[in-house]
Structures are given as C-alpha cells and as structure tokens.
Amino acid sequence: MCGVIGILGDSIVAPDLWVGLISMQHRGQDAAGIVTYSGDRFHLKKGKGTVQSLFTEADINRLIGNVGIGHVRYPTIGAGDPEDAQPFYTNTPYGIAIAHNGNVINYSELKSWLIHHQRHINTSCDAEVILNLLALELEEKSIFDAVCGVMDKVNGSYSCVAFIANHGLLAFRDPHGVKPLKFGRRDKSFCFASESVALDTLGYEISRDVAPGEAIFVSLKGKVSSKQIKKAFPRHCIFEYIYFARPDSILDSIPVYEARFNLGKELGKEVMQLGLKPDVVIPVPDTARTTAQALAHSIGVPHREGLIKNRYIARTFIMPRDTRRMEYVRYKLNPIRYEIEGKRVLLVDDSIVRGTTSKAIVTLVRKAKPKAVYFASSCPPLKYPCFYGIDMQTRQEFIARKKSITEIRAEIGADELVYQSFKGMLKAVGGETSSNKTSYCTACFSGKYPTKIPEREIRRIEKERSQS
C-alpha cells in the first residue's frame, strides 16, 4: 500500500507535491520520492525515510518544472532497498516517469519477459516493470492503446500516475479498481492522488474517481481525454476503509469516516449479542477511534481515551517483524490509569492479523489494573493472504487461520473477544450483503480473489516473503 500524486500545473509543482505527500504519509513510511520535468530533463530526489526527513529546502528548490510525480512507499515486492524507492523514469521513448500504488502478482514472469525484449530492469520494484511495459507499448502505439497493452499483461492491482515528456500527465487504474485514485482540478492545474485528502489540502476541487480500468490523459495544454480501456466488476480494497485511508478521505464515493462509524454500530450489535457489559469503551488509536465512538454510543457505554499515542512512532501494522511490533507498542502507547483501573474495559482495534500487536496492547492495559479486558475487532477474522499490496502475503502469518476465536482470545490474553461479522462489515462500508455481489475485494476474509492467482505464484511470494 503506497501513496501516489501527480500534478500538471502552470507553475513550479514541487512544493505542492511535497505537501500532498505529507498528507498521505500514513500510506507509506519506508521511502519517498519526487520527480519533476522542466522541459528538457527530469529532476529526481528519492530515498529511504519519511517525506519530512528526506527532503530539504534545497531539494525542493532543485526540483524545477510545472509537472511532477510523488510517491510514498510501503514495500510489498522487493527488499525495500533505497533503489526500490519510486518514482522511476526511463529515457526511451520520449522520456517517461511513473509512480504506482498496488502489487504486480506476476512480477517475476514479466521481469523475465522484459529482459528477453531488451529492457533492462535494475531494481526489485514492480513499478519499474510497469514503466518498462508502458515504454515498450508506446514505441508503436497511441497512449490509450499502450495502456491497454499494459493491462493485458499485468495481473494484480495498480493505480498509476505517469508523465510522458513533452506530451502530458497520464493516470490509469486496474480493471477492478482495487487501489484508489482521485482526479481534481484547480484553475489551470490538474492533480491525481491516491486519496481525496491530498486534493483537499492543496485546494483542488475533486472532479471524480479514476474509474476501474480507465485511463485519463491531460495534455500540456490542459486538454483532458479519457477512455474506458477495460471493464470488470469493481473490487475496491475494503481494508482501505477499515485501516489504511485517512478518515477525512472519500474513496470511490464512500466517506471513510462514515464507513468506520457504521463499523462501530454493526460491531455494537455483536457485543450486545454476546451479552458483554463493559464499563468503558477505549479505542486503540488512531484508526479505531471512530469505530469505538459509534460502538460505545450504540451500547450506551462511556467512550474514553484510555491509550495515549506517541505520534512520532510509525504505524505498527507496517513494521517488518513481530519483535519490532511488540517493542513499538510499548513506545507508541501509554495507558491512562484513571480510565482503566478497576473497570471492565472494552478495547476496540481495527483488526487482528498476527495477534502480536493485540497481545502487546492487552498486556499493556493490564498493567493499569482493570477489572477485565475485552477486545473487539472492527473487521472479521483475517485468514487469507493479500496479493494486491497489503503486507500480509503468507498463509502462515494469520492467527485466525490456525486458531479458533476461543484460542485467539487466550493467545492475546483477553477475557472476551468480539469480531465484526462479515455481513456487518459489508453493510457498514456500503456494499451489498451478498459476498458474490459485493463491489469490494474481501479476499483477506473470504479467500475469493478478484484475479486468478496460480498456486506457483502463491508459493513464490510466500518463499520470498519468508526469506525477506
């Protein structure tokens, strides 16, 4: 899961790209990058680290040009080395720069195919594969036909923003629209971004979402052209609404805040059905805060901030190892004893993946001497790998795949454990309640993937993930 932004403006765009990336820093904290074009050359700065730590004022001043692309990275393919940071660019044909959010499942196959066709692949990042596929297609085809050629070959999720030198800004999204991509306009400037919050922050009026399977091209003169390249049933990533996106974003016409609030109401029904009677509802900050507030209201229990977050600690979900997640929970959260001691506490978190973070949180809260600790997950049990850009790619890492709810409760040390129902989740986010009709990708819960994934690819990804 990454964040991308592309701007074609009437003045220097690097400062706006920097601000846009800051607003989407939650989407990736491993690396960042900006590339601009000044009419005769590309100007690039990228590397490991957050946006604020990586870019200096001198860097921004050096990135001249009225068109550019930015990226924040959360690695799912490759080792996350500095050279894997995006954006990427190539000199032929035209000169093309690209940044992408998603995950190319058939990366190894495409990499071998490109090398056979005399395209040099220098990194282990799948964005470089998409870039070279697009470059090959553009040698003989028009822009939209070239995008069609890319879509014919790539299996996976991809929301891409590219700049073709001396031509214009291009954006396209995979046929299922797994990853989000917004389009906005401000006077004579145009912007594509992963989340609407970036457009809001920069003062752009949101025009619409880039549709699944659609390509939009903005020429240097500001002419906007679009084409539905391929059409498939939408399968938007439901985990965006549960965890990844900012609550003030709107993705594919669904406000993230509203979805999380509805998740709380639906989760409240599960709590009441179990007959739990907590004294206080406490969110695990920050993504579960809205859900916990709605849950508390629905069951008539006070909502309190019982865990204070150190905002200088990264998101634990995207930490690469369980030991680091356990350590960072201690650094990240501190309990307010007054709100916890002697009370039956219901903790609300967005999800339980491996169980290590949940266990660390319950252990931390118990040090404040509660009467009981209940734990609630705003989504159903996660059981299946994600091959579309979320860091849970092996079947072995899901605690719910190997253990019953009773066993998970014991493992994390809670007195009671409550999961959201699958039906309640779909209802909350605005999808139909029938799993074969929903417009969301729910593969991590149901095992039903939007695209066909060969078993050999699953084994390869799991092997690479285990080694890394």
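Two strands count as paired when DSSP finds at least two bridges between them. Helices (H or I, at least four residues) and strands (E, at least two) are simply DSSP runs, numbered from the N terminus. By that reckoning, strand β9 (residues 182–186) and strand β10 (residues 189–193) are joined by five bridges and run antiparallel. Within this pair, Gly 184 sits opposite Cys 191 of β10. The model is a predicted one, in which local features need pLDDT of at least 70 and side-chain atom pairs count only at pLDDT 80 or more, while totals for chains, interfaces and linings use all residues. Residues are numbered from 1 along each chain as its sequence is written, and side-chain values use heavy atoms, with hydrogens and water left out.

The β9–β10 pair belongs to a bigger arrangement. An open sheet of seven strands, paired antiparallel, follows the order β3-β2-β4-β1-β10-β9-β11. At its edges lie β3 (42–48) and β11, each of which pairs on one side only. On average, neighbouring strands here are turned by 15° against each other, direction ignored; axes are lines fitted to C-alpha atoms, for helices over the stretch in contact, and angles run from 0 to 180 degrees between N-to-C directions. Helix α1 (residues 14–23) lies across β1 (3–8), β2 (31–37), β4 (67–73) and β9, running at about 155° to β2. Contact, here and below, means heavy atoms within 4.5 Å.

Leading up to the edge strand β11 is a loop worth a quick look. Gly 203 lies in this loop, between α7 (196–201) and β11 (205–209). How exposed is Gly 203? With a relative accessibility of 46%, Gly 203 counts as partly exposed; buried means under 20% relative accessible area, exposed over 50%, and partly exposed in between (1.4 Å probe, protein chains only). Gly 203 is 27 residues from His 176 in sequence, and the two are 29 Å apart in space, C-alpha to C-alpha.

A second open sheet, of six strands, also shows antiparallel pairing, in the order β5-β6-β7-β8-β12-β13. Its edge strands, pairing on one side only, are β5 (88–90) and β13 (224–228). Neighbouring strands are again turned by 15° against each other on average, direction ignored. At one end of the order, β5 pairs with strand β6 (residues 96–104) in the antiparallel sense over three bridges, and Thr 90 stands opposite Ile 96 in β6. Two helices lie across this sheet. Helix α5 (residues 126–138) covers β5, β6, β7 (156–164) and β8 (168–173), running at about 125° to β6. Helix α6 (residues 143–153) lies across β7, β8, β12 (214–219) and β13, at about 35° to β8.

Parallel pairing turns up further along the chain, around strand β20 (residues 344–349). This strand is mostly covered, with five of its six residues buried. Strand β17 (residues 280–283) pairs with β20 in the parallel sense over four bridges, and Val 281 has Leu 346 as its bridge partner in β20. Six bridges join β20 to strand β21 (residues 372–377), and these two run parallel; Arg 344 is partnered there by Ala 372 of β21. Asp 350 follows in the loop between β20 and α13 (356–366). Is Asp 350 buried or exposed? Asp 350 counts as buried, because its relative accessibility is 5%. Leaving aside neighbours within four places in sequence, Asp 350 is in contact with Ile 242, Tyr 243, Thr 287, Ala 288, Ser 377, Ser 378 and Cys 379.

The remaining region centres on helix α16 (residues 422–429), whose buried residues are Gly 424, Met 425, Leu 426, Ala 428 and Val 429. Their cover includes α8 (239–244), β16 (254–255), α9 (256–274), β23 (440–441) and α17 (443–446). Helices α9 and α16 pack at an angle of about 150°, with their axes 8 Å apart. That makes α9 roughly antiparallel to α16, a label for angles over 145 degrees (under 35 is roughly parallel, 65 to 115 roughly perpendicular and the rest oblique). The contact is made by Ala 259, Asn 262, Leu 263, Glu 266 and Lys 269 of α9 and by Gly 424, Met 425, Lys 427, Ala 428 and Val 429 of α16. After α16 comes Gly 430, whose phi is positive, near 100°.
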